[in-house]
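Me: Hey, can you walk me through this one? I'd like to start with the strands, but I need the vocabulary first.

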Amino acid sequence: MNGKSGIARLFELTHEKKGLLVVAGILSVLATFMMAVPFVSVYFVVREIINHARDISAVDAGWMILWGWIALISLFAGIAMLYVSTMCSHISAFRILYQLRIALAEHLAKLPMGYHTRNTTGAIKKTLEVSVEKIENFVAHQLPDLVSAICMPLIMIAVMFVLDWRMALAALIPVIAGFMIQVVLYSSKTGKDAMVQYQDALENMNAAGVEYIRGMPAVKVFGMTVNTFLQFKKTITDFRDWAVTYTKFCRTPYMIYLVMLSSILTFILPVGIFLISGQPNNQAFALTLLLFLSIAPSLAAPMMRLLYLGGNLRIISEGVSRIDKIFQQKPIEEPKHPKQAHSFDIGFHQVAFAYAKKEDADYKPILNEVTFTAEEGTLTALVGPSGGGKSTIASLIPRFWDVHQGKITIGGTDIRDLGTEALMDLVSFVFQDVHLFFDTIEENIRMGNKTATFDEVVQAAKAACCHEFIMQLPDGYQTKIGEAGVYLSGGEEQRVAIARALLKNAPILVLDEATAYADAENEAHIQKAINALIKNKTVIMIAHRLSTIRLADQILVIKKGSIAERGTHDELLKIGGLYEHMWRAHLSTAQWRLGGSKQSGEVNAQ
Ligand SMILES: Nc1ncnc2c1ncn2[C@@H]1O[C@H](COP(=O)(O)OP(=O)(O)OP(=O)(O)O)[C@@H](O)[C@H]1O
């Protein structure tokens with residue numbers, strides 16, 4: 001990364017040209033000039049009146065009317081410029097926002113799953129929504145405002161110096177003192193840390209809030225409230241504490257700043273009176289003093305705006321650095337010269353893997369020396385005790401994580417040399433937790449193959465035993481999931497996921513506990529759908545119900561991250577090891593489920 005930060009880094013990240021914003025800034029400054037013209041008009045008009053105070057009929061009416069027109073035209077010109085400036089800044093802001101959202105979404109999709117599990121959804125959501133949203137507001141509204149808030153006092157001060165440098169200096173004392181206090185305060189370590197703590201506290205509160213809402217079933221079942229859901233409560237309390245501490249930190253300097261700005265007159269008046277007392281008949285000086293007294297207090301308004309905008313600029317800079325942190329995360333490495341898979345068998349070659357890095361405190365090896373081959377068109381089942389590493393093995397195939405040692409091949413090619421897109425084309429997945437998007441059933445199934453026709457979607461749904469229940473939904477295939485009470489059961493969701501995979505028709509299939517949620521009837525449906533799905537494919541299947549994988553070509557018993565036993569069902573029974581033990585437990589469970597009857601449908605089905 002280079003040294004850029006804040007707004008400059010934002011432009012770099014989004015490749016947005018600064019042109020429009022420069023135009024917005026220039027117009028904003030010009031508008032500020034224009035808006036200041038009426039003050040000058042008033043000055044000339046009052047001067048004309050005072051100069052002819054003894055004989056008011058001698059005033060130059062034409063001159064005064066001219067200044068009136070100049071004031072009016074300048075005001076309208078200023079408003080028009082401000083309008084165009086705001087248009088430009090809005091266009092630029094929305095372009096930045098668009099680029100940023102697209103780039104972030106693309107980048108997040110390329111990051112390894114490890115990033116997503118380490119970072120809570122709430123924290124990523126906060127960055128995506130709050131930080132990005134604030135940028136829009138800042139660039140569209142406040143950046144041009146900032147330019148004018150800086151220019152306005154500068155112009156006023158310059159005018160003051162032209163009129164009378166001594167009184168201008170007096171007016172400048174409180175302004176500079178107030179400004180210095182702000183600079184020292186906010187550029188101090190405490191000030192900078194406060195901004196980081198603010199964003200951290202906000203991020204934590206968001207993350208815990210998402211967790212709280214997501215865990216609502218558990219929250220309700222265990223009778224928790226926000227007071228007993230301690231993690232959420234703590235983040236809210238932390239945020240409050242931060243706000244109180246920060247307010248205390250800002251209180252004194254803020255008060256000084258306010259007092260200084262409101263007391264500009266107090267500084268000018270004594271100097272003015274002192275100077276005028278030395279030249280009692282100087283009418284021109286009296287006029288200048290009058291002008292000072294009328295315009296100096298209005299210095300306070302842009303200065304206060306500057307304080308407010310400065311605070312926002314710090315929030316934005318901190319937000320950009322958080323967005324930047326996401327961009328700095330390394331995406332999954334893509335091969336420079338992608339290779340092709342020459343067949344569809346899967347090979348694990350002495351694979352070792354851990355979720356954490358060796359140097360991390362929570363390092364724990366998960367897989368060790370895992371070696372096996374799943375021949376093309378065969379079914380390999382992964383079974384074994386909970387926590388043994390079955391899901392981990394399955395999730396290494398789509399490169400959710402990369403192996404630490406050894407390699408995984410498809411058709412003899414290391415999956416890291418295939419390129420993510422090609423790998424995804426080769427492999428379909430049916431996960432334990434099916435995620436259906438807030439969209440129509442048709443689109444949810446079509447995710448498997450974006451170019452599929454409606455007929456193909458229906459065919460897939462029929463093969464996955466979904467068609468019947470879909471037709472009973474209020475709008476059939478056009479029913480939106482999650483809307484107006486349309487929710488699917490766990491088993492139905494699984495079948496939609498199978499339909500997706502069927503439509504994708506990839507040569508390799510990874511099934512993770514596809515029947516976990518199913519009741520007997522649903523399981524029969526799912527089993528039928530799976531049978532349709534796995535035909536002629538290389539299948540890696542994780543299943544707790546041993547009945548479903550009895551006919552597998554190869555069964556791998558995974559225990560403590562290694563392959564403890566391997567073979568077909570009959571071979572493994574002969575060994576009389578862990579599998580045989582699990583099988584007997586499975587049989588007795590099946591009998592127990594049916595009240596001890598040996599006529600069990602499940603046992604018979606085996
Ligand atoms: N995202 C993760 N981060 C860190 N550790 C993880 C992660 N996922 C799983 N683990 C750990 O890896 C080990 C293996 O888990 P895995 O889910 O692969 O086992 P499994 O055999 O599929 O278990 P189950 O049958 O209960 O689903 C466990 O000790 C688990 O705690």
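Reply: Sure. One term before we start: two strands pair if DSSP finds at least two bridges between them. Also keep in mind that this is a predicted model.

Me: Ok, so in β8, what is the bridge partner of Leu511?

Reply: That's Met541. The pairing here is between strand β7 (residues 508-512) and β8, joined by five bridges.

Me: Do those two run parallel or antiparallel?

Reply: β7 and β8 run parallel. Strand β3 (residues 379-383) also runs parallel to β8, with four bridges joining them.

Me: And which residue stands opposite Ile542 in β8?

Reply: Leu382 does.

Me: Is β8 buried or exposed, then?

Reply: Buried. Five of the five residues of β8 (residues 538-542) are buried, so the strand is largely enclosed by the rest of the structure. Thr538, Ile540 and Ile542 point one way, while Val539 and Met541 point the other way.

Me: Switching topic: what's the order of the strands in the open sheet of four?

Reply: The order is β2-β1-β4-β5, and the pairing is antiparallel.

Me: Which strands stand at the edges?

Reply: β2 (365-374) and β5 (413-414) do. Each has a single partner strand, so one side of each has no neighbour in the sheet.

Me: How many bridges join β4 to β5?

Reply: Two, and strand β4 (residues 405-410) runs antiparallel to β5. If you want a spot to click on, Thr409 stands opposite Asp414 in β5.

Me: Now helices. At what angle do the axes of α2 and α3 cross?

Reply: Roughly 165 degrees, and the axes come within 7 Å. That's for helix α2 (residues 19-51) and helix α3 (residues 61-110). Angles over 145 degrees count as roughly antiparallel, and α2 and α3 are therefore roughly antiparallel to each other.

Me: Is the crossing left-handed or right-handed?

Reply: α2 passes α3 in a left-handed crossing. The contact of α2 with α3 has 25 nonpolar, eight polar and one charged residues.

Me: Last thing, the ligand. Which residues come nearest?

Reply: Of the eleven residues around the ligand, the nearest are Tyr355, Ser386, Lys390, Ser391 and Thr392.

Me: And which helix gives the largest share of the shell?

Reply: Helix α13 (residues 390-396), with three residues. By class, the shell around the ligand has two nonpolar, eight polar and one charged.

Terms used: Residues are numbered from 1 along each chain as its sequence is written. This is a predicted model: local features need pLDDT of at least 70, side-chain atom pairs count only at pLDDT 80 or more; totals for chains, interfaces and linings use all residues. Axes are lines fitted to C-alpha atoms, for helices over the stretch in contact, and angles run from 0 to 180 degrees between N-to-C directions. Angles under 35 degrees count as roughly parallel, over 145 as roughly antiparallel, 65 to 115 as roughly perpendicular and the rest as oblique. A crossing is left-handed if the near helix is turned anticlockwise from the far one by less than a right angle, and right-handed if clockwise. Ala, Val, Leu, Ile, Met, Phe, Trp, Tyr, Cys and Pro count as nonpolar, Asp, Glu, Lys and Arg as charged, and the others, Gly among them, as polar. A residue is near a molecule or strand if its C-beta atom, placed from the backbone, lies within 6 Å of it. A residue is buried if 20 or more other C-beta atoms lie within 10 Å of its own, exposed if 12 or fewer, and partly exposed in between; C-beta atoms are placed from the backbone.
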